[in-house]
Every structure is written in structure tokens, then in C-alpha cells.
Amino acid sequence: MTVPDPAAVRATFSSVARRYDLANHVLSGGLDFLWRAKLVEWASSSCSGKVLDLATGSGDVAFALRRGLPEQSAIVGADFCPPMLDQARAKCERLGLDPIGNQFVEEDCLSLSFEDDSFDLVTIAFGLRNLSDRPRGLSEMKRVLKPGGKLIVLEFSQPSLWFRPLYYLYLRGILPWLGWLMTRDRKAYLYLGGSIASFPDREGLCAELEEAGFSAVRSLGMTFSVVALHEGSKED
Ligand SMILES: C[S@@+](CC[C@H](N)C(=O)[O-])C[C@H]1O[C@@H](n2cnc3c(N)ncnc32)[C@H](O)[C@@H]1O
């Protein structure tokens, strides 16, 4: 099992930050837009208050939430990699979004500076897999959620059995070279494949959310369960 090293993770995302969005859209075949849209659909059915998007990276989830949630909701994007946050802030300016309504701050998911019970919704997309200590990260997410608040996780999962051979061939044989073509960093995409392979399946992640104290846990596989949405609530 790959346990991510925080310094290496930060260095990896610093290295690919400028080309991250392009690589993301190309390597997912544009499916990342659909996955984010589903996250926003789940979020909008339950939230109109304070939202924290963790491991926000270049901010695409935060921007999608900004568009999909009521205007009065306040969205904070947090990440521990300054070059990724720079991309998010630059995009905020390009899109003409109000920087106050859409803040980006430097934070480590494993020791958040926010007070207990601060947010109505916490989201994390393709970030949980990168945490060196998932139980600690989940416990921090629960701590900063208000009672009754929700956590939504969008993350790679383990695909349907019949699809696995093809998928792992793509992850191990093709993705690192495609990643290299776009970012000149093949190691970053070898890391991506390794971290996906050692991430739990839907059942396993649901169990981790329950162990972390979340209730009403549910999940939804997308694209043959290559990725999945998970949701859990902090009890009142
Ligand atoms: C794959 S990117 C996902 C970015 C964005 N959420 C998206 O969906 O495109 C993972 C992000 O997690 C961030 N990250 C990893 N570990 C973190 C930690 N402990 N605290 C904060 N951010 C972290 C990285 O810096 C990177 O920007």
C-alpha cells in the first residue's frame, strides 16, 4: 500500500500546477466535468451555507459549487500547495468571480485552523487519496462541520471487476506517458496510478467514514466505479 509522503505530494502538485487543469481534462476524457456536476447536485440538495472545499487545488470544485449553490453561500477553498492555489486565484480573476465570496487559503487537511462546527458542508475531490493519515483527515473534516453538516468526497475508487484489467493497463502503461506529454513529469502520473491502486473500494471507504463517526453514509459509483461519490453526515 502507498502511504503518501506530504512533502512529496506537495512537490508533485507544485511541479504539475501550471498544466494540471489541461492534464485533468484530457486524461479523464472530459469526464471530470460530469463527476464534479454530480458532486454539485448532491451538495445543492442539502446546502446553502458555509462551504469548505478541501484539497481544492486549482479550484474547479469551488467554482462549480459557486455556480451551483445559492448566491448567499460562502465558499472557501483550501489546499497546502501554494502553486495550485495560485492557479485557483488566477482563475478566479479570469472568471471575474468575487474573491470574497470565493476565498482560497493555505491549509493542511490534517490540522485545519478553522474552529469546531464552522461549516455546513465540506467537500474534497481527488484529495483524500493523497492524505498521509486518512483517519486524522476525516476526523478534522468532522470537527469543522456543524452538527447536521455533510461531508462529500469525490475520489477514485476500484472499478467493476470486468473493467479492471483494461483500466490498470491504462493506469500503469499509458497514463504516465500521456501525463509526461502534457506536464513533462512522468513520476507524478506514476504516483497517481499507485495511489489509485491502493485506495479502498466503495464498501471500504464507507466503512472508514462510519469509523470516523459519520452517519447516513452513502456512495455512488460513476463511470464503471472508476470514481465514486461518498457522503456522510455529522449527527446533530
Ligand atoms: C488531485 S488534486 C485535486 C484538486 C481538485 N480538488 C480537483 O478536483 O481537481 C489534489 C490536491 O490535494 C492537495 N493536498 C494533498 N494533500 C493535502 C493536505 N494534506 N492538505 C491540503 N491539501 C492537500 C494537493 O496539493 C492537490 O492540490
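Two residues are in contact here if their C-beta atoms, placed from the backbone, lie within 7 Å. By that criterion, and leaving out residues up to four places away in sequence, Cys109 touches Leu54, Ala55, Gly127, Leu131, Gly137 and Glu140. The structure is a predicted model.

**Overall fold**

The protein chain has 9 helices and 7 strands. Its radius of gyration is 17 Å, close to the 18 Å that the globule rule gives for 236 residues, so the chain is as compact as a globular protein of that length. Along the principal axes, the C-alpha trace spans about 45 × 40 × 30 Å. Of the 236 residues, 41% count as buried. Contacts across long stretches of sequence feature heavily. Among contacts in the chain with a separation of 6 or more, 71% come from residues 24 or more positions apart.

**Strands S1, S2 and S4**

Strand S1 covers residues 50-54. It is mostly covered, with 4 of its 5 residues buried. S1 pairs with two strands described here. The first pairing is with strand S2 (residues 74-79): the two run parallel and are joined by 5 bridges. Asp53 stands opposite Gly77 of S2. The second pairing is with strand S4 (residues 119-125), also in the parallel sense, over 4 bridges. There, Val51 has Leu121 of S4 as its bridge partner.

How many residues of S2 are buried? The count is 5 of 6, so S2 is largely enclosed by the rest of the structure.

**Helices H4 and H6**

Helix H4 spans residues 60-68. Together, S1, H4 and S2 make a right-handed β-α-β unit. H4 is mostly covered: 7 of its 9 residues are buried. These are Asp60, Val61, Ala62, Phe63, Ala64, Leu65 and Arg66.

Helix H6 takes in residues 134-144. Its buried residues are Arg134, Gly137, Leu138, Glu140, Met141, Lys142 and Val144. Which elements cover them? They include S1, S4, strand S5 (145-156) and helix H9 (202-211).

**The ligand shell**

There are 21 residues around the ligand. Ala55, Gly57, Phe80, Cys81 and Ala125 come nearest. Two elements give two or more residues to this shell: helix H1 (6-16) and H4. H1 gives the most, with 3 residues. By class, the shell has 13 nonpolar, 5 polar and 3 charged residues.

**Four loop residues**

The table sets out where four individual residues sit and how many C-beta neighbours each has.

| Residue | Loop | C-beta atoms within 10 Å |
|---|---|---|
| Ala55 | between S1 and H4 | 25 C-beta atoms |
| Cys109 | between S3 and S4 | 25 C-beta atoms |
| Pro159 | between S5 and H7 | 21 C-beta atoms |
| Phe224 | between S6 and S7 | 15 C-beta atoms |

Is Ala55 buried or exposed? With 25 C-beta neighbours inside 10 Å, Ala55 counts as buried. Its loop joins S1 to H4. Ala55 is also one of the residues that come nearest to the ligand, and it is touched by Cys109. Its backbone deserves a look. Most residues other than glycine have a negative phi. The phi of Ala55, however, is near 50°, a positive value.

Cys109 lies in the loop between strand S3 (102-106) and S4. Its 25 C-beta neighbours inside 10 Å make it buried. Two of its contacts, Gly137 and Glu140, are among the buried residues of H6. The C-alpha atoms of Cys109 and Gly137 are separated by 5.7 Å, although the two are 28 residues apart along the chain.

Pro159 is found in the loop between S5 and helix H7 (164-183). It is buried, with 21 other C-beta atoms within 10 Å. Not counting residues up to four places away in sequence, Pro159 touches Arg164, Tyr167, Phe224, Ser225 and Val226. A further link in space involves Ala228. From C-alpha to C-alpha, Pro159 and Ala228 are 9.3 Å apart, against a sequence gap of 69 residues.

Phe224, one of the residues that Pro159 touches, lies in the loop between strand S6 (215-222) and strand S7 (227-233). Phe224 is partly exposed, with 15 other C-beta atoms within 10 Å. Its phi is positive, about 55°, although it is not a glycine.

Conventions. Residues numbered from 1 in each chain as written. Predicted model: local features only at pLDDT ≥ 70, side-chain atom pairs only at ≥ 80, totals over all residues. Buried ≥ 20, exposed ≤ 12 C-beta atoms within 10 Å, placed from the backbone. Rg over C-alpha atoms; globule rule 2.2 N^0.38 Å. Near = placed C-beta within 6 Å. Nonpolar A, V, L, I, M, F, W, Y, C, P; charged D, E, K, R; others polar. Pairing = 2+ DSSP bridges. Right-handed = clockwise from strand over helix to strand, strands pointing away.
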